[in-house]
Amino acid sequence: MTGTSLTGGPGTAAIAAPKPAMVLRLLAGRGAFRLAIQAMGVVLVTAWGAHDYGRFATALGLMTWLNFVPSSAEKSALKCLPRLRMTRDAVAALAVRVAFVPVLVVLAAMAVALVVAPESDAALYLTAAGWSISGGLLMTVSGLHRFRGKSTLDALAFTAGALVVGAVTAGTWFVRWSPLTHLGLLLGGILLILGFSAALLPKEWLRPGKVDGHRLLPAFGRTTVLLGMTEVLDVLATSTVFGVLALAGRTVDSGPFYVALLASSAFCSLLFYQLRLHQPAISRRMRGGGAAAGRARAVELLKLVEWGALVFLVAVGIALAIPTARAVLTSEGTTGAYLVLGVFVLAETVLFAVRLYAGFLIENTNSKVLTLTASASIAGLIATPLAAVALVPAMGPVGGFAALVFAIGARATVLRRLLRRHHPEL
């Protein structure tokens, strides 16, 4: 880091990799939560129909990126805390504060919208924003519990979250609650779980004494912003596809795109969680000589992503030039259309997962490379809507995933070249 160093001395205790039994317990809790959300995405289609489900999917799709705003504090804490000794409690307290502030801002805006215009799209979107950002805060609080060795609290929190999602979804299916009511009940349940979970954090993290914030906050804040920016911009780029679908008059197609995206995000979320579980140990290992080895491995993975995206997009271009193949790629509601969508989802998922792991290796080497990963994510944010504007109006959800593949390749290309520029030995 620049400025104040958050790195502990050589006496900092080593952080062991999580035990398999603990990993399975944690994955069971997160897996139940993800499975409940997957089931919700399917069940609600039959509860509302295409129009209301399209509005619901668009609201969630546009606001999903907020999930990663508070969780960036977790990512920064899990990188910094294993390297700390004297300032560990102070930095953990900063992480809690940094994570809570944006959540409170969104919830306040949501409350105003619900009072002023409860039936408006703004109220729906801000309630979706509240649900998304509160889930990210629960991830941060759970991550801090894991760091303290209280992994059971993580598993219990997300198992309870799965029960909330299941109960609210069942209620919506039977009673036919509106999308706004459904999201409001989800938010209420997650806030209740969050309150209990946060209350179990150490008191010195929740009500710390005097902290030398003018020295720690700039250093921790820089790391948090740069580390969190990659996920926020990546998901924000995906959210732009929902915006293009709406502007193209294909809001109904947001439903199939959202359901397909759930399948992709389910796998990538579990991978992302695995990386978070191992981040404290990897953060300790990726120092000194380990950093060079990590960057070299990341460059190899980024090359694979570049070539994979290029080959896939060339194949799509050739298919579009053939009338019969183009008819399949642009068809809607047919068995062939869903099979094609499945192929595109698989390609996007594999490429995204490899790029995610490469970025994870790079981010845990040192703080200087964080500007490079952030720059690559900005490139992806620019590439996604441009590709979506070209592909989505004609191809719908399939075009949305083609745009995501193009953006993944663009991010990989930019990041690899930036790394080579700053580290010529690669």
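Reader: Why is Asp-253 called buried?
Author: Its relative accessible area comes to 12%, and buried means under 20%, so Asp-253 gets the label. Keep in mind that this is a predicted model, and the areas are computed from it.

Reader: Where does Asp-253 sit, and what does it touch?
Author: Asp-253 is in the loop between α9 and α10, the latter covering 254-285. If you skip residues up to four places away in sequence, Asp-253 touches Leu-245, Glu-332 and Pro-397.

Reader: What about Lys-150: why is that one called partly exposed?
Author: Lys-150 has a relative accessible area of 41%. Buried would take under 20% and exposed over 50%, so with 41% Lys-150 lands in between and counts as partly exposed. Like Asp-253, Lys-150 is a loop residue; its loop runs between α5 and α6.

Reader: How far is Lys-150 from Leu-201, in sequence and in space?
Author: The two are 51 residues apart in sequence, and their C-alpha atoms are 9.9 Å apart.

Reader: On to charges. How do you know that Arg-30 and Asp-154 form a salt bridge?
Author: Their closest N and O atoms are 3.1 Å apart. The cut-off is 4 Å between a side-chain nitrogen of Lys or Arg and a carboxyl oxygen of Asp or Glu, so the Arg-30 and Asp-154 pair passes. This pair also ties distant parts of the chain together: Arg-30 belongs to helix α1 (residues 20-48) and Asp-154 to helix α6 (residues 151-175), 124 residues apart. Both partners are buried.

Reader: What makes Arg-30, Arg-146 and Asp-154 one network?
Author: A shared partner does it. Asp-154 pairs with Arg-30, and the side chain of Asp-154 also meets Arg-146 in a salt bridge, at 2.7 Å from N to O. Salt bridges that share partners are joined up, and that puts the three residues in one network. Arg-146 is buried too, along with Asp-154.

Reader: How many salt bridges turn up in the whole structure?
Author: The search finds 8. Another one of them is between Arg-355 and Asp-234, again 2.7 Å from N to O. Here Arg-355 comes from helix α13 and Asp-234 from helix α9 (residues 213-247), with their positions 121 residues apart in the chain.

Reader: Why are Arg-355 and Asp-234 counted as buried?
Author: Arg-355 has 8% relative accessibility, and Asp-234 has 8% as well. The limit is under 20%, so both qualify. Apart from its neighbours within four places in sequence, Arg-355 has contacts that include Asp-234, Leu-302, Val-305, Ile-408 and Arg-411.

Reader: And why is Leu-415 called buried?
Author: For Leu-415 the relative accessible area is 5%; set that against the limit of under 20%, and buried is the right word. Leu-415 is part of helix α15 (residues 397-422). Its contacts beyond four places in sequence are Leu-302, Ile-362, Leu-372, Thr-373 and Ala-376. Leu-302 is 113 residues from Leu-415 along the chain, yet their C-alpha atoms are separated by 8.0 Å.

Reader: Why might nonpolar side chains end up buried together?
Author: That is a general tendency in soluble globular proteins. In this model, the largest nonpolar core has 104 residues, and Phe-56, Trp-131, Tyr-258, Phe-344 and Phe-401 touch the most other members. Helix α13 (residues 335-363) gives the largest share, 12 residues. Tyr-258, for one, is in contact with Met-40, Tyr-53, Phe-56, Ala-57, Leu-60 and Phe-242, leaving aside neighbours within four places. There is also a second, separate core of 5 residues, with Val-23, Ala-155, Tyr-273 and Leu-277 among them.

Reader: Why are helices α4 and α5 called roughly antiparallel?
Author: The axes of α4 (residues 88-116) and α5 (residues 121-147) cross at roughly 165°. Angles over 145 degrees count as roughly antiparallel, so the name fits α4 and α5. Those axes come within 8 Å, and the crossing is left-handed.

Reader: How many helices and strands does the chain have, and what share of its residues is buried?
Author: The count is 15 helices and 0 strands. Of the 426 residues, 53% are buried.

How values were computed: Residues numbered from 1 in each chain as written. Predicted model: local features only at pLDDT ≥ 70, side-chain atom pairs only at ≥ 80, totals over all residues. Heavy atoms only, no water. Core = buried A, V, L, I, M, F, W, Y, C linked by side-chain atoms within 4.5 Å. Buried < 20%, exposed > 50% of the residue type's maximum accessible area, 1.4 Å probe, protein only. Helix = DSSP H or I, 4+ residues; strand = E, 2+ residues; numbered from the N terminus. Contact = heavy atoms within 4.5 Å. Axes fitted to C-alpha atoms, helices over the stretch in contact; angles between N-to-C directions. Parallel < 35°, antiparallel > 145°, perpendicular 65-115°, else oblique. Left-handed = near helix turned anticlockwise from the far one by under 90°.
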